[in-house]
Protein chains: 2
Amino acid sequence: MARPPTPLLNRERIRKAALELLDVHGPSGFSMRQLAAALRVSAPSLYSHYATKDEVLDDVVDAVIADVDTSGFRHGWRQGVLTWARSYRDALLAHPGVAPLVASGTQHRERFLAMADRVHGGLVGAGWPSRRATEISGAVKFLVIGAVCTPFASGFSDDPSVYDGRFPNLSQAHRLRAQAARIDRDAFELGLVALVDGLAASPDAPP
Amino acid sequence: MARPPTPLLNRERIRKAALELLDVHGPSGFSMRQLAAALRVSAPSLYSHYATKDEVLDDVVDAVIADVDTSGFRHGWRQGVLTWARSYRDALLAHPGVAPLVASGTQHRERFLAMADRVHGGLVGAGWPSRRATEISGAVKFLVIGAVCTPFASGFSDDPSVYDGRFPNLSQAHRLRAQAARIDRDAFELGLVALVDGLAASPDAPP
DNA sequence: ACCTGAACACCGTTCAAGT
DNA sequence: ACCTGAACACCGTTCAAGT
């Protein structure tokens, strides 16, 4: 079936199937051949719509980032940063397979730049020096990316005998795994609020 | 040359060559076949010493983590956290290819647990409730991993025309790239100090 | 025990060929 | 323009064979 009357594929269909494949099988289970199979098409067909695998993944990241909320700066820089960071984390947490792609990408995409632009504008508009605004954006992004790339609590074993004796301070660590999602969120929230509080207390902080 | 009198390989030689290969070619350029070639050996030979590629990478991570300094808790929890976070970042920044491996790994390795144990012990010993200590460890780790996985400033383009008009707040963004390393460090330092300051100001903070 | 070449089931991507 | 099968240069890993 070559050149069917109505095209079998378009970028949107490919992007949606790619996101689904990432969600279900994770980044390591994602391949152009698997993606093509999910779309009931041969692998080279994808190259009529995307030049490379990375371009497909770039588009997926872009779509996920679209949900990030930068409107909070209307209510001051603190609220702006809190809303941005939380919605950024939420968006990536909804698609864990996408997080590593955000971390490693060079992110020249429109939506990334638009997001960075609004955040920087919000901070400078509130009175932060441009230089400080850049650093604050960076620090918050680090926290979000870290929180989303490396689930902290789930990194521990759920077998208590792993810790017994050898790591006395982690003797309760096996309980971490059971509540991993909550602990990861609490750790993120603690870090985010402490960071914003610390910034508010700094000498050059705007009111 | 089968079964030579003196073995050609051992885990240490493999691990060192693997780290070098990662440093030079990055994670995407790392393969068991390339590693074997660097050691002037056939690829299957590696499987006499490591069961899988992941096991090799695990060992490399473990060796890099060995440099992390958790001794600062002798001088109080603030100094402990600052020293830990900075040396953790330094260790990973010295081997950028290793950072994504730390982020994605489940990290059951001895040295990870030993590090987590000392940090948790240091925080609890200083007077933080165990629960809070876990969250603080997590938040700091998020910041470090984020800082090391996703170079912030270098994610921007060095072509000014990319920003002109469309992203007014980023009009100076092309200057970021030139000083990317310094800006990334400043953003990390700002975030780290603000986080520790914010923690120190919290209601349940020990003296 | 430790190394080898051959082989299996995968990759991303290119290309000539079809409509 | 859009899709196909065949092919190229790669993967990680297994396995029988050698010493």
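How many disulfides does the structure hold over all chains? Zero. Keep in mind that this is a predicted model.

Let's look at the cysteines. Take Cys149(A). The closest cysteine sulfur sits in Cys149(B), 5.5 Å away. A disulfide needs the two sulfurs within 2.5 Å, so this pair is too far apart for a bond. Seen from the other chain, Cys149(B) is in no disulfide either, and its nearest cysteine sulfur is that of Cys149(A), at 5.5 Å.

Buried or exposed, then, for Cys149(A)? Buried, because its relative accessibility is 13% and the cut-off is 20%. Cys149(B) comes out at 12%, so it also counts as buried.

Next, the symmetry. Chain B can be laid on chain A by a turn of 180°, with a shift of 0.0 Å along the axis. The RMSD of that fit is 0.0 Å. So the relation is that of a two-fold axis. The same surface serves both copies, and 100% of the contact residues of chain B recur in chain A.

Now a helix pair in chain A. Helix H7 covers residues 130–149 and helix H9 covers residues 180–200. Their axes come within 10 Å and cross at roughly 170°. Therefore H7(A) is roughly antiparallel to H9(A), since angles over 145 degrees count that way.

Who makes the contact? From H7(A), we have Ile136(A), Ala139(A), Val140(A), Leu143(A), Val144(A) and Ala147(A). From H9(A), the partners are Phe188(A), Gly191(A), Leu192(A), Leu195(A) and Leu199(A). By class, that contact of H7(A) with H9(A) has ten nonpolar residues, one polar and no charged ones.

Over to chain B, and its own helix H7, residues 130–149. Ser137(B) is found there. Ser137(B) counts as buried, because its relative accessibility is 7%. What is Ser137(B) in contact with, leaving aside neighbours within four places in sequence? Within chain B, the list gives Trp84(B), Val119(B) and Leu123(B). From chain A, there is Phe152(A).

For contrast, go to Pro44(B). Pro44(B) lies in the loop between helix H2 (32–38) and helix H3 (53–65) of chain B. Pro44(B) is exposed, because its relative accessible area is 58%, and the cut-off for exposed is over 50%. One distance to go with that: Pro44(B) and Thr6(B) are 38 residues apart in sequence, and their C-alpha atoms are 18 Å apart in space.

To wrap up: zero disulfides, a two-fold relation between chains A and B, and an H7(A)–H9(A) contact with no charged residues.

How values were computed. Residues are numbered from 1 along each chain as its sequence is written. Chains are lettered from A and ligands numbered from 1 in the order in which they are written. This is a predicted model: local features need pLDDT of at least 70, side-chain atom pairs count only at pLDDT 80 or more; totals for chains, interfaces and linings use all residues. Side-chain values use heavy atoms; hydrogens and water are left out. Axes are lines fitted to C-alpha atoms, for helices over the stretch in contact, and angles run from 0 to 180 degrees between N-to-C directions. Helices (H or I, at least four residues) and strands (E, at least two) are DSSP runs, numbered from the N terminus. Angles under 35 degrees count as roughly parallel, over 145 as roughly antiparallel, 65 to 115 as roughly perpendicular and the rest as oblique. Contact means heavy atoms within 4.5 Å. Ala, Val, Leu, Ile, Met, Phe, Trp, Tyr, Cys and Pro count as nonpolar, Asp, Glu, Lys and Arg as charged, and the others, Gly among them, as polar. Buried means under 20% relative accessible area, exposed over 50%, partly exposed in between (1.4 Å probe, protein chains only). Copies are superposed by least squares on the C-alpha atoms of residues with pLDDT of at least 70 in both.
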